[in-house]
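Trainee: I have a new model open and would like to learn how to read it feature by feature. Could you walk me through it?
Mentor: Gladly; let us look at it together.

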Amino acid sequence: MPLEVYNTYSRRLEVFTPITEGMVKMFVCGPTVYDYLHLGHARTYIFYDVVARYLKQLGYKVLFIINITDIDDKIFEKSKKEGKSWKEVAAKYTEACIEDLKRLGVDTVTLFAKASAYLPQMIQQIQALLEKDYAYKTSKGIFFDTSKFSAFGALSHQSRAELALRKIDLDPEKKNPADFLLWRNVAESEEGYDSPFGRGRPGWHIEDTAISITHFGYSYDVHGGAVELIYPHHEAEIAQAEAYTGHTPFVKYWIHTGLLKVGGEKMAKSTGNYITIRDALEKYSSNLLRIYFLSTKYRRSMVFNQDELLKLRSRVKSIEKFWGRCCKFASKYEDGEVNSKIKILARRFASHMNQDFNTPAAIKAILDTADYINTATVAEVENLLKNSYKTVASILSTIGLVVDNSWRL
Ligand SMILES: [Zn+2]
């Protein structure tokens, strides 16, 4: 059975066929860099890291971009609080973000693209949208006219009437309630950029289309991010991009991760309800965090629970021991017949991953084999693992556990 993914746009499972044979272009919404990343980010980025790893295992070349929102009001506010320039604040947290993801074993990202490096492209896109009459000016800035884009609401499955009921800022100058900002005018004294339409700052949504169109062209394969970004952020991205390029679809597969909650509420910086990745890594290993998040299907929302997390420690140890035993026989045997038990594991693993990245079931398959290997005698293990190192390694590296030499028994 081929890989099938759930597409938010069609609300169906679809067979995964990239636009260009052998290559997958994937863009995942990155953080706004005004603070350290929290475990909600960890859950999201660990999942897309596993997606990238699995696609590579299937033989695809994967171009994986995460954008860094380094132009945002929250950064300007933080810079005032910390008494630093906004560029210093953004640089500090960008570096911290990349470092934290690395510590979690998220190392498949081809490019972390900083929004501030794409100002000319954003300005060009906004200008084109004005010329094509998809955008209009008000005293506040430039807005996208959602009534001109007939497919607006298609990703979030909302009708025009439903969109009109959305509680958003009531601005009498806006033509439609759902119209969103492309460019905000700012005073000379405020932080901003000069543009043909005056001094200002880009809207959040246009940052992503500027980056993705620059690197991926008019159309690409996968756009990811947490489910809360579907509306208005991703809806706005489709409208901007397709209106700008005249090409549809902008993105072939929309894949969204469920929320991580703490005590019944969403984990978010804005509410102060969060645990940073840094603090979590003081207490838990990155392998434990990876297995914990991957033990729930990615689309489900999850409530962070330390007791449940700690219960998984023995499972992580079991997988680490399995890997250690496999490494022991790595160089001894090379290209003989792979053991039938390992072949079965490889088949089970692939069939679960092909069902919309069913990581909980894929991990269960690894654990079943690990339990067997870890309790077998050395002679049995040698017989089982000889010639199977590459197969086991490719399965375990898809889950992306951080390899530690101490596992080598
Ligand atoms: Zn985004």
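**Reading the model, from helix packing to backbone details**

Mentor: Let us begin inside the fold: the buried residues of helix 11 pack against helix 9 (286–294), helix 13 (359–375), helix 14 (378–385) and helix 15 (389–399). Please keep in mind throughout that this is a predicted model.

Trainee: Which residues of helix 11 are buried?

Mentor: They are Ile-319, Glu-320, Phe-322, Trp-323, Arg-325 and Cys-326. Notice that Glu-320 and Arg-325 are on that list.

Trainee: What span should helix 11 have, and what is the distance between its end C-alpha atoms?

Mentor: The idea is to take a rise of 1.5 Å a residue, so the 16 residues of helix 11 (residues 313–328) should span 22 Å. The end C-alpha atoms of helix 11 are 23 Å apart, which agrees.

Trainee: Arg-313 lies in helix 11 too. How many other C-beta atoms lie within 10 Å of Arg-313?

Mentor: To judge burial, we count neighbours, and 20 or more make a residue buried. Arg-313 has 15 other C-beta atoms within 10 Å, so it is partly exposed. Its C-alpha is 9.7 Å from that of Leu-289, a residue 24 places away in sequence.

Trainee: Let me zoom out. How many helices and strands are there in the chain?

Mentor: The chain has 15 helices and 14 strands. For overall shape, compare the radius of gyration with the value from the globule rule: here 23 Å is close to the 22 Å given for 409 residues, so the chain is as compact as a globular protein of that length. The C-alpha trace spans about 80 × 45 × 35 Å along its principal axes, and 41% of the 409 residues count as buried.

Trainee: What share of the contacts join residues at least 24 apart in sequence?

Mentor: Take the contacts between residues at least 6 apart in sequence: 78% of them join residues at least 24 apart. Ile-255, in strand 11 (residues 251–257), offers a case to look at. Ile-255 and Thr-8 are 247 residues apart in sequence, yet 6.2 Å apart in space, C-alpha to C-alpha. Leaving out residues up to four places away in sequence, Ile-255 touches Val-5, Val-222 and Gly-224. Ile-255 counts as buried because it has 25 C-beta neighbours inside 10 Å.

Trainee: How is the chain divided into domains?

Mentor: Domain 1 covers 4–118 + 204–271, and domain 2 covers 314–407. To read a pair of domains, look at their separation and then at their contacts. Their C-alpha centres lie 31 Å apart, and 11 residues of domain 1 are in contact with 13 residues of domain 2. On the domain 1 side, strand 1 (4–7) and helix 1 (39–57) are the elements that give two or more residues. Helix 1 provides the largest share, 6 residues. By type, the residues on this side divide into 6 nonpolar, 2 polar and 3 charged.

Trainee: Where does the largest nonpolar core lie?

Mentor: A good approach is to ask which parts of the chain supply its residues. Of its 109 residues, Ala-42, Ile-46, Ile-126, Phe-144 and Leu-182 touch the most other members. Helix 1 gives the most to this core, with 11 residues. Both domain 1 and domain 2 give residues to the core, so it lies between them. Ile-46 is a good place to look: beyond its neighbours within four places in sequence, it is in contact with Leu-104, Val-106, Arg-290, Phe-293 and Leu-294.

Trainee: Now the backbone. Which peptide bonds should I inspect?

Mentor: Check omega for cis bonds. Tyr-231 and Pro-232 are joined by a cis peptide bond, with omega about 0°, and Pro-232 is in helix 7 (residues 230–245). Another cis bond runs from Thr-248 to Pro-249, with omega near -5°; Pro-249 is in the loop between helix 7 and strand 11.

Trainee: What is phi for Asp-356 and for Phe-357?

Mentor: Look for positive phi in residues other than glycine. Asp-356 has phi near 55°, and Phe-357 has a positive phi of about 55°. Phe-357 is in the loop between helix 12 and helix 13, as is Asp-356. Counting C-beta atoms within 10 Å, Asp-356 has 19 others and is therefore partly exposed, whereas Phe-357 has 22 others and is therefore buried.

Conventions: Residues are numbered from 1 along each chain as its sequence is written. This is a predicted model: local features need pLDDT of at least 70, side-chain atom pairs count only at pLDDT 80 or more; totals for chains, interfaces and linings use all residues. Domain bounds come from an automatic or database domain assignment. Two residues are in contact if their C-beta atoms, placed from the backbone, lie within 7 Å. Helices (H or I, at least four residues) and strands (E, at least two) are DSSP runs, numbered from the N terminus. Ala, Val, Leu, Ile, Met, Phe, Trp, Tyr, Cys and Pro count as nonpolar, Asp, Glu, Lys and Arg as charged, and the others, Gly among them, as polar. A nonpolar core is a set of buried Ala, Val, Leu, Ile, Met, Phe, Trp, Tyr and Cys residues joined through C-beta atoms within 7 Å. A residue is buried if 20 or more other C-beta atoms lie within 10 Å of its own, exposed if 12 or fewer, and partly exposed in between; C-beta atoms are placed from the backbone. The expected span of a helix is 1.5 Å times one less than its number of residues. The radius of gyration is taken over C-alpha atoms; the globule rule is 2.2 Å times the number of residues to the power 0.38.
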